[in-house]
Amino acid sequence: MNRLAIFSSPEVSLAFALSALILYIPANIFPFMTLEVYGNKNTATIWEGIVTMSDTGSWGIAAIIFLASMVIPLAKLLILFYLGLTAKSSAHRKFRTRLYNTVEAIGRWSMLDIYLLAVLVAIMKMGPWAHAEPGLGSWMFALVVIFTMISSAYFDPSTIWNDSYDEKS
């Protein structure tokens, strides 16, 4: 087997998707960040931040954060996990191709995380009035994003249609 073939194998994609799925749980359980504004400290998970935004009337922002930080990453991970598990199967190829195309389409929503990072940087620049400190949840979430990107990059969609994949491995 070609050494480079390992790097685009569904097994590598599956391993990274599984790792990200495992880390998804602590990323949503542990505090995402601690924000101190004018001496008042507040520690919150992603979900608590969403609830706070909706309670203050910012439904749109809460919905975007919910979709971009919880629903879309989980959907993408579950699809990548399924595709990795079923890569050697010849069944449901059109369905799996649609799922792969969905992963590619929703992957663009990951850019919203960059926007949230920009907001955090702006808060940190407030100097003595505000201080933000990343929590364990933010580090876990960063690993989820990284592992999801790697899983997606290493999944070769041609394995869905390649009948000779079993012969190569």
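Start with the rings: the whole structure holds 6 aromatic pairs. Keep in mind that this is a predicted model.

**First stop: F16 and F147**

Select F16 and F147. Their ring centres lie 5.6 Å apart. The planes meet at 55 degrees, so this pair is tilted. Now colour the two helices that carry them. F16 belongs to helix α1, residues 10-29. F147 belongs to helix α6, residues 136-154. The pair links distant parts of the chain, with the two positions 131 residues apart in sequence.

Is F16 buried, exposed or partly exposed? Its relative accessibility is 24%, so F16 counts as partly exposed. The cut-off for buried is under 20%.

Add Y154 to the selection. Ring pairs join F16, F147 and Y154 into a cluster.

**Second stop: Y82 and F95**

Move on to Y82 and F95. This aromatic pair is edge-to-face. The centres are 6.3 Å apart, and the planes stand at 70 degrees. Show the helices again. Y82 sits in helix α3, residues 59-85. F95 sits in helix α4, residues 93-106. Here the partners are 13 residues apart.

Check how open each ring residue is. Y82 has 30% relative accessibility and counts as partly exposed. F95 is partly exposed too, at 40%.

**Third stop: α1 against α3**

Both helices have already appeared on this tour: α1 carries F16, and α3 carries Y82. Select the two together. How are they packed? The angle is about 150 degrees, and the axes are 8 Å apart. Angles over 145 degrees count as roughly antiparallel, so α1 is roughly antiparallel to α3. Their crossing is left-handed.

Now show the side chains between them. On the α1 side, pick P10, S13, L14, A17, L18, A20, L21, Y24 and N28. On the α3 side, pick S69, M70, P73, L74, L77, L78, L80, F81, G84 and L85. What kinds of residue make up this contact? There are 15 nonpolar and 4 polar residues, with no charged ones.

**Last stop: the whole chain**

Zoom out and colour by secondary structure. The protein chain has 8 helices and 3 strands. Trace them from the N terminus: the order is α-β-β-α-α-α-α-β-α-α-α.

Switch to a surface view. The chain has 169 residues, and 35% of them count as buried.

Finish with the contacts. Take those between residues at least 6 apart in sequence: 72% join residues at least 24 apart. The F16 and F147 ring pair, 131 residues apart, is a good place to return to.

Notes: Residues are numbered from 1 along each chain as its sequence is written. This is a predicted model: local features need pLDDT of at least 70, side-chain atom pairs count only at pLDDT 80 or more; totals for chains, interfaces and linings use all residues. Side-chain values use heavy atoms; hydrogens and water are left out. Rings of Phe, Tyr and Trp (its six-membered ring) pair if their centres lie within 6.5 Å; planes under 30 degrees apart count as stacked, over 60 as edge-to-face and the rest as tilted. Helices (H or I, at least four residues) and strands (E, at least two) are DSSP runs, numbered from the N terminus. Buried means under 20% relative accessible area, exposed over 50%, partly exposed in between (1.4 Å probe, protein chains only). Axes are lines fitted to C-alpha atoms, for helices over the stretch in contact, and angles run from 0 to 180 degrees between N-to-C directions. Angles under 35 degrees count as roughly parallel, over 145 as roughly antiparallel, 65 to 115 as roughly perpendicular and the rest as oblique. A crossing is left-handed if the near helix is turned anticlockwise from the far one by less than a right angle, and right-handed if clockwise. Contact means heavy atoms within 4.5 Å. Ala, Val, Leu, Ile, Met, Phe, Trp, Tyr, Cys and Pro count as nonpolar, Asp, Glu, Lys and Arg as charged, and the others, Gly among them, as polar.
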